[in-house]
Amino acid sequence: MFAINFNLASYTGLSVGPSVTAVGYIRPTPDAQPSGPLADLVIPWQKPTQNPAVFALLSWHTEISDFTGRDAQCEELERWTTTEHPFSMKFLTGEGGVGKSRLAAHFARQLQQRDWAAGFIDLRKPGSFYLNKEGTLLVIDYPEENREGVAELLRDLRAMEQNAKLRILFLTRQPIESWQPLITDCNALTLLDIVPLDLGGIAGPAAYDLFNSAQEKAAEIYDIAPTPVSKEDLLDWVLREPENHRALFIVAAAVQSALHPEEDVFGYKGREVIDALVEREIANLRRIAESRKIRNKDVFARTLAVAAIADKVPIDLIGELAAREELELGFPADSHIGDELETAGLVVDGAVQAPKPDILAAAFTVKVLASKSKAAPEIIWSALSNDVSGSLERLGRLSFDAEITLQMLEHRLGQWLADALEDNVERCEALKALSWAAPPIGLLSTAVVICKTLLTVAAEEERAAILNNLSAHLGALGDTTGALEAGKEAVEICRKLSDATPQRCLPDLAMSINNLSNRLRDVGDTSGALKTIREAVEIYRRLSDATPQRYLPDLAMSLNNLSNHLSAMGDTAAALAAIREAVEIRRKLSDAKPRRYLRDLAMSLNNLSAHLSAVGDRAGALEAGKEAVETCRKLSDASPQRCLPDLAMSLNNLSAYMGAACDRAGALEAIKEAVEIYRKLSDATPRRYQPDLATSLNNLSTDLSAAGNTAGALEAIEEAVEIRRKLSDASPQRYLPDLATSLGALGTVLLARSEYRRAHEAFAEGIELVRPFASRFPASPFEKLLKNLTSSLERARKAGQGE
C-alpha cells in the first residue's frame, strides 16, 4: 500500500503494502501519514556465502561478475530520469537471462550516488520508505505476477499531485503492448514513457569481460585456480547457439569453468552448462538430506520445486503439504519441518523462496518433478492454489524456459498441470482465464483440457465461446481435425443464437466464421475457407460501418485472412487489394495505439509482402518484408513466448524477397535464423511447427544452392521432404501439394549435382502428387506447380540422355 507525502524541503515518506484488494493506495493529502516506520529504499545485493549454492551464485543479487556491455542502455535510462515530467514509468523488457534485474540494480546504485532514493520494491509486502527531493526510483520486477496491484498503483498515482520527481521502472518479459489495456483502463497513459527499453544479449569484448570477471570471482569463492580462456574461443562459443549470448549463460559457463578447470567448457552448449550446474545443485541437496538421516533424499529438492512455481512457500504451508501422502514430498512424519529447512539453508523470512534465476529454476523443477512424475501433477496444482494468477505466470515462464530455451522435452510442466485438471470442473473453473487468451506455448495443452472439461457443464451460449477457444488452442497444437470440428460446432451454435438475437450475437457469429475459415484452410479445403471468410468480411464490414471504433480491428483481421484465402485460390489481384485495405486500417490503429496493434500490423505486412511478390513487385515486397521483420524482432525480444513464431515466419518470408533482389548473403542469413527458431519450436511442439520447419528448410535449400553449396542444399531439402512425407501420410489433402513442392526443389538440387536419375524420380513423383489438385482447381497455384514440375522433368530427361 502506498502512502506518499511530498514535502520537497526534506525527505518524505512512502508506504507499500497489501490491502484487501492485493495492493494499497496513495494518500495525496499533505497530512498523510506513513503506514509504518520509514526505511531507505534498497537494492538487495547479497554477499556470497562460503561454498554457496549455484542458484545463489548465479543470481544477480550476488554480483558475481563485472557490469559490462550496457553503456547505451544506462544512457537511455539516464535520459528518462532527466526529463521534465514529474512522474514517469518505463518498461525494461527482454527474454529471460539477459540481465534486466542487474541493469536496473546498477542504474539504481548510480542514482543513489547522486542522492536519489532508489531501490526495488515488492507490491505484495508492506513497507514504508524515504523519498528524496532529488528524485525517487522504484524498481518493480515481474509486474505481470501482480497485475491487480499494478493497476491500483497506477490509479493512485493519477490521483496524486505531481510536485516531485518519481520514476517507476517495470522489469518484464512481456511486450509493452500487452500492458496497454491495463494502462488505458487506469487512465495512466500520460505517465508512460512509450518507448520501452528492450534488452538483448551481450557479444564482443563485453562478453569476454563478463566471462573473465565471473570466472575469476567464482574461482576465488570456491578456492580453485581457474584456467584462462582465449577471447576467440569465448566469442566463437557465444555465436554458436542463440541462447549463448544471454548474460546468464555466459556467467554460467564461467562458473562451470571455475568449478571444473580441467574441462573444456566451450565443448558444451549453453543449455548443457545449465544442466550440469542444476545437477550439481540437486546432488548437493541430496547430500544435505542424507546428512540429516532423511530417508527420502529428494525432500529438499521437491520443496524447492514447489517454491519455484509458488514464488514462496511459508513453513506452515509446507507442513500441510507434507501431510498429503499423494504429494510424496518426503518429510518424515516425526520431523520438525521448519528446523530441517532452516538447517538446509532454504528458509528466508519464514518461507522457502523460489530459486533464481528463472532458467535454472525451470531446469531444476522439471528434473526434480520427473524423478517422481506420478506425483508431479498434484504437486504443481498444490503450488498454484495460493496465488493462481501469479503462479500461472511463473509456470508459463518456467515451461517456456524448459521447453524452448533449454529443449527439455521428455517431461513437460504444462502437461503435468493438464493431468491435474482433467475432468475436474472445479479446478478448471479456477483456471479458466488461461483458456480465454493466447496461453504461453508450454501451457497450450493445459488450455485444451480446461476447455474440454468446461464444455461438459456449459450452457449453449457459453459453449460457443469455449468451442471457439478450443478450436484456436487445438490449431496452435497442430490438431487440425479437432480444431475444425470444434470450429464447426461453434459456428452452428452462434448462427442459431444470431438468428434469434442478431444485435447481440452477430459479432460472435462473425468471429466464429472467421476462425472456421482458418480451420478449413488448415485441412486443405481452400474453396470452403474462401467462401467462409467472405461471409465474415461481409458481417464485419456492416458492423464496422455502424460502429467503426469497435469493429475496425475485426474488419482488418478478416480482410487479412481473406487475402490469404484468395491467394491460395490463385486470385492474386483480389488478394492484394484485400491486404492493402487491411494494412491501411492496421497502420492507422497502430499509429494511435502501437502497443495494442503493432503485432497485428506486422502480420499484415508479412502478408502484403507475399502478395506484392506474387504480382512481381519485388521492391515493394522487400520493403514490406523488412518492416515486418524489424517489427517482429522488437516484439520477440520483449516477449519470445508470444512472438518468436512471428519472427521466424517473417524471416522466412524476407529471405525469399532478398533472394529475388539478388541479395544472396542476406537471404541466406535470414533463412538460417528462421530454420534455427523453427527447429526449436518444432522440437517443443512438433504437430504445430513441423510444417513451418519444412517450409523454411525448403527455402534454406534454395538459398544454399544459389550460393553454390549443393551439399548443404541437398541435406536441407532431403530433411524437408522427409518431414512433409510424414505430414502428408497423416493429412494428404493438406500436405501433398507441399510435398510436391519440396520434391521439385529436391529434383532441382539433384540436377545441379548431375544426379539425373534421382532428379527424374523426384520430379515424376511430384507431378503425380499435384496433378489431382491442378485438375480440381484450374488456374490455381497447383496448376502452375504442375507446369513447373513437368518442365523440370523434361530437363532432367534430356540431361540424363546426354550422360
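**Close-up views of a predicted model**

**View 1. Helix 10 and helix 15 cross at roughly 110°.** In this predicted model, the axes of helix 10 (residues 299-310) and helix 15 (residues 388-405) come within 7 Å. The crossing angle makes helix 10 roughly perpendicular to helix 15. Helix 10 contributes Ala 308, Ile 309 and Ala 310 to the contact, and helix 15 contributes Ser 391, Arg 394, Leu 395 and Leu 398. By character, the residues of this contact comprise 5 nonpolar, 1 polar and 1 charged.

**View 2. Helix 21 packs against helix 22.** Helix 21 spans residues 502-522 and helix 22 spans residues 526-546; their axes lie 8 Å apart, at an angle of about 155°. Helix 21 is therefore roughly antiparallel to helix 22, and the crossing of the two helices is left-handed. On the side of helix 21, the contact is made by Leu 506, Pro 507, Leu 509, Ala 510, Met 511, Ile 513, Asn 514, Leu 516, Ser 517, Leu 520 and Arg 521. Helix 22 answers with residues including Gly 528, Ala 529, Thr 532, Ile 533, Glu 535 and Ala 536. Further along helix 22, Ile 539, Tyr 540, Arg 542 and Leu 543 also take part in the contact. The residues of the contact between helix 21 and helix 22 divide into 14 nonpolar, 4 polar and 3 charged.

**View 3. Strands 9, 11 and 10 form an open sheet.** The sheet has 3 strands in the order 9-11-10, and their pairing is antiparallel. Strand 9 (312-314) and strand 10 (347-348) are the edge strands, each pairing on one side only. Strand 11 (residues 351-353) is joined to strand 9 by 3 bridges, and these two strands run antiparallel. Within them, Val 313 stands opposite Val 352 of strand 11. Helix 11 (residues 315-322) packs on the sheet and touches strand 9, strand 10 and strand 11. The direction of helix 11 makes about 85° with that of strand 9.

**View 4. The rings of Trp 45 and Trp 60 form an aromatic pair.** The model contains 9 aromatic pairs. In the pair shown here, the ring centres of Trp 45 and Trp 60 are 5.6 Å apart and the ring planes stand at 75°, so the pair is edge-to-face. The two residues are 15 residues apart, and their pair links distant parts of the chain. Trp 45 lies in the loop between strand 2 (38-39) and helix 1 (54-58), whereas Trp 60 lies in the loop between helix 1 and helix 2 (71-81).

Definitions and conventions
Residues are numbered from 1 along each chain as its sequence is written. This is a predicted model: local features need pLDDT of at least 70, side-chain atom pairs count only at pLDDT 80 or more; totals for chains, interfaces and linings use all residues. Side-chain values use heavy atoms; hydrogens and water are left out. Axes are lines fitted to C-alpha atoms, for helices over the stretch in contact, and angles run from 0 to 180 degrees between N-to-C directions. Helices (H or I, at least four residues) and strands (E, at least two) are DSSP runs, numbered from the N terminus. Angles under 35 degrees count as roughly parallel, over 145 as roughly antiparallel, 65 to 115 as roughly perpendicular and the rest as oblique. A crossing is left-handed if the near helix is turned anticlockwise from the far one by less than a right angle, and right-handed if clockwise. Contact means heavy atoms within 4.5 Å. Ala, Val, Leu, Ile, Met, Phe, Trp, Tyr, Cys and Pro count as nonpolar, Asp, Glu, Lys and Arg as charged, and the others, Gly among them, as polar. Two strands pair if DSSP finds at least two bridges between them. Rings of Phe, Tyr and Trp (its six-membered ring) pair if their centres lie within 6.5 Å; planes under 30 degrees apart count as stacked, over 60 as edge-to-face and the rest as tilted.
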